[in-house]
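Please follow the strands of this predicted model with the structure open beside the text. The path leads from strand pairing to a pocket.

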Amino acid sequence: MYKPLPKELRLGFSDIHDIGIFAKEFIPKGTNFGMTHFQVGKNLIRTPLGGFLNHEDNPNCEKVKLKFNSEDDPDHPYSFNKWNLITIKDIKEEEELTLKYTFYDV
């Protein structure tokens with residue numbers, strides 16, 4: 001059954017900006033929650049997980065890039081990249097997951 005967010009996470013009202021993603025339970029450092037963004041050619045697409053992460057200068061998560069092409073040219077029509085969300089700190093129950101934005105202006 002498809003779920004837009006991992007079972008350990010929920011949406012909620014954020015003190016940072018509007019809606020954010022929150023931990024429903026303790027989450028240890030190094031947890032991989034899966035894909036936040038993917039890129040095909042020049043098109044960058046956010047998944048539901050990537051769409052609700054809020055920016056923080058001192059975040060508790062980071063995006064890790066995985067490349068799926070042998071081309072060095074990001075404009076190549078068969079270029080495909082994806083980014084997974086990894087926790088870089090332990091996250092407490094009810095804490096918001098945050099990310100330092102690199103794709104968008106803050």
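Strand E5 and strand E8, the latter covering residues 96-99, pair in the parallel sense over two bridges, and within this pairing Asn54 has Thr98 of E8 as its bridge partner. Strands of a sheet pair through backbone hydrogen bonds, and they may do so either parallel or antiparallel.

The antiparallel sense appears between E1 and strand E2, residues 19-23, which are joined by five bridges; here Phe13 stands opposite Ile19 in E2. E1 and E2 form a hairpin with five residues between them, and in its turn Asp18 has a positive phi of about 55°.

These pairings belong to an open sheet of four strands, whose order is E1-E2-E8-E5 and whose pairing is mixed. Strand E1 (9-13) and strand E5 (54-55) each have a single partner strand and stand at the edges, so one side of each is left without a neighbour in the sheet.

From the sheet we can turn to the empty space in the model. Rolling a probe the size of a water molecule over the atoms shows where such space is left. The largest pocket has a volume of about 170 Å³, and of the 16 residues that line this pocket, Arg46, Gly50, Gly51, Leu53 and Tyr101 are the closest to its centre. Sorted by class, the lining of the largest pocket consists of seven nonpolar, six polar and three charged residues, where glycine is counted as polar.

Key:
Residues numbered from 1 in each chain as written. Predicted model: local features only at pLDDT ≥ 70, side-chain atom pairs only at ≥ 80, totals over all residues. Heavy atoms only, no water. Pairing = 2+ DSSP bridges. 1 Å grid on protein atoms, 1.4 Å probe; cavity = no way out; pocket = protein on both sides within 12 Å on 5 of 7 lines; lining within 4 Å. Points joined across faces, edges and corners; volume = space filled by probe spheres on them.
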